[in-house]
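Please walk through the structure below with the sequence at hand. The text goes from one part to the next, so keep the view open while reading.

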Amino acid sequence: MPELPDVEIVRKKLARWLTGRKITDASTRDAWVARPSPRSFSRVLEGRRVRAVERRGKWLRVLLDDGARLFSHLGMTGDWVRVAKGAPPERFERARIDAGASSVRYVDARRFGRLVATRKDIDEWSTLGPDPLTDGVDVSALAKTKRAVKEALMDQTLVAGVGNIIATEALWHARVDPRAPARDLEARDLRTIAREIRREIDRELRPGQTRWSVYGKRGEPCPRCGSKIRSVKLGGRTTAFCPKCQA
DNA sequence: CGGCATGTTGCGCA
DNA sequence: TTGCGCAACATGCC
């Protein structure tokens, strides 16, 4: 599921299902996913009307009419789905929000996701960097770090919403070595990377099968030059790249 | 069975 | 103080 484009698609459907509706029932039994507690999930949400569903990076924020809010991070396998009111739990369902005619369910097989019902913003939201879709990419922030550019791109405080796939693909399109220290790159390359991040997001926002050029393609020929795709670990994450194009 | 996975956090250690 | 590597979280898939 989850990188910025997926989360944006989830935001749109959640907004469609919930905006302007009054929450009649909200419940969860999962004390791992729902923080600070399953009881606070119900207490904060029930009886409130939904004002807006927003997104920043990979986080969603559901604003309520009394100023409280629900934060939702989809982790690796999270999603929100709508079913008929009173329908039995979905497979891997972790929480339920009934509002208007909708019964909206949070499903998450691996439970890496989070639901946080609070009265004020959480640090994970407040410390997010600019969102590429709404704010653009802050190239100057990247130019300040000596970390590998791919790790910098995935740092949510520098760029919000870029994950392993977008970082890997954007660097291939920009022909930049993912291992290169970010601050050693030419300004021109950084601008190209920013542009390719935006293009990759746009590609993945379009419905239909996205085909990746290098992500998950170790050992296969580079679509541009035919060299064999290599992969290395950067910040603990598999990073595929073309040793010839991205030299 | 082993290995890998679109994400994040927290811990030990240099 | 900073940064890095790594395990952990829980499950599915090849």
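Once neighbours within four places in sequence are set aside, Glu196 is in contact with Ala170, His173, Ala174 and Arg203. The model in view is a predicted one. Glu196 belongs to helix α7, which covers residues 187-205. Is Glu196 buried or exposed? Its relative accessible area is 3%, and the limit for a buried residue is under 20%, so Glu196 counts as buried.

A second residue to look at is Leu4, in helix α1. The relative accessible area of Leu4 is 0%, so Leu4 is buried. Which residues are in contact with Leu4, apart from its neighbours within four places in sequence? They are Arg55, Gly57, Lys58, Asp131, Pro132, Leu133, Ala160, Gly161, Ile166 and Ile201. Ala84 offers another reference point: Leu4 and Ala84 are 80 residues apart in sequence, and their C-alpha atoms are 28 Å apart in space.

Next comes the sheet. An open sheet is formed by 5 strands with mixed pairing, and their order is β2-β9-β5-β4-β3. The edge positions are taken by β2 (34-35) and β3 (50-56); each has a single partner strand, so one side of each has no neighbour in the sheet. Within the sheet, strand β4 (residues 59-64) pairs with strand β5 (residues 69-73) in the antiparallel sense, over 5 bridges. One position to find is Leu60, whose bridge partner in β5 is Ser72.

Two helices can be placed against these strands. Helix α1 (residues 4-18) lies across β3 and β4, and its direction runs at about 175 degrees to that of β3. Helix α2 (residues 38-45) packs on the sheet, where it touches β2, β4, β5 and β9 (114-118). The direction of α2 makes about 50 degrees with that of β9.

Strand β9 holds Leu115. The relative accessibility of Leu115 is 1%, so Leu115 counts as buried. Leaving aside neighbours within four places in sequence, the contacts of Leu115 are Val33, Ala34, Arg35, Phe41, Leu70, Phe71, Ser72, Trp80, Ala95 and Tyr106. Ser37 is 78 residues from Leu115 along the chain, and the C-alpha atoms of the two are separated by 9.4 Å.

Two of the contacts of Leu115, Ala95 and Tyr106, lead to another group of strands. Ala95 stands opposite Tyr106 in β8. Strand β7 (residues 93-99) has 7 residues, of which 6 are buried, so β7 is largely enclosed by the rest of the structure. The pairing of β7 with strand β8 (residues 102-108) is antiparallel and runs over 6 bridges. These two strands form a hairpin with 2 residues between them, and Gly100 in the turn has a positive phi of about 60 degrees. Strand β1 (residues 23-28) also pairs with β7 in the antiparallel sense, over 5 bridges. There, Ile23 stands opposite Ala99 in β7.

The model also contains DNA, and the first strand to consider is DNA strand B. How many residues are around DNA strand B, and which come nearest? There are 19, and the nearest are Lys58, His73, Tyr215, Arg237 and Thr238. Of the atoms of DNA strand B that come within 4 Å of the protein, sugar and phosphate account for 57%. Phosphate oxygens of this strand lie 2.8 Å from a side-chain N or O atom of Lys58, 3.1 Å from one of Asn164 and 2.5 Å from one of Arg237. At least two residues of the surface near DNA strand B come from α6 (164-174), and at least two from β11 (237-241). By class, this surface has 6 nonpolar, 6 polar and 7 charged residues.

The other strand to consider is DNA strand C. Around DNA strand C are Arg91, Phe92, Ala109, Arg110, Arg111, Phe112 and Arg147. Sugar and phosphate make up 50% of the atoms of DNA strand C that come within 4 Å of the protein. A polar side-chain atom of Arg91 is 2.7 Å from a phosphate oxygen of DNA strand C, whereas a polar side-chain atom of Arg110 is 2.4 Å from a base nitrogen of that strand. The surface near DNA strand C divides into 3 nonpolar and 4 charged residues, with no polar ones.

Terms used: Residues numbered from 1 in each chain as written. Chains lettered and ligands numbered in written order. Predicted model: local features only at pLDDT ≥ 70, side-chain atom pairs only at ≥ 80, totals over all residues. Heavy atoms only, no water. Pairing = 2+ DSSP bridges. Helix = DSSP H or I, 4+ residues; strand = E, 2+ residues; numbered from the N terminus. Contact = heavy atoms within 4.5 Å. Axes fitted to C-alpha atoms, helices over the stretch in contact; angles between N-to-C directions. Buried < 20%, exposed > 50% of the residue type's maximum accessible area, 1.4 Å probe, protein only. Near = heavy atom within 4 Å. Polar contact = N/O pair within 3.5 Å; in protein donor to acceptor, adjacent residues only side chain to side chain. Nonpolar A, V, L, I, M, F, W, Y, C, P; charged D, E, K, R; others polar.
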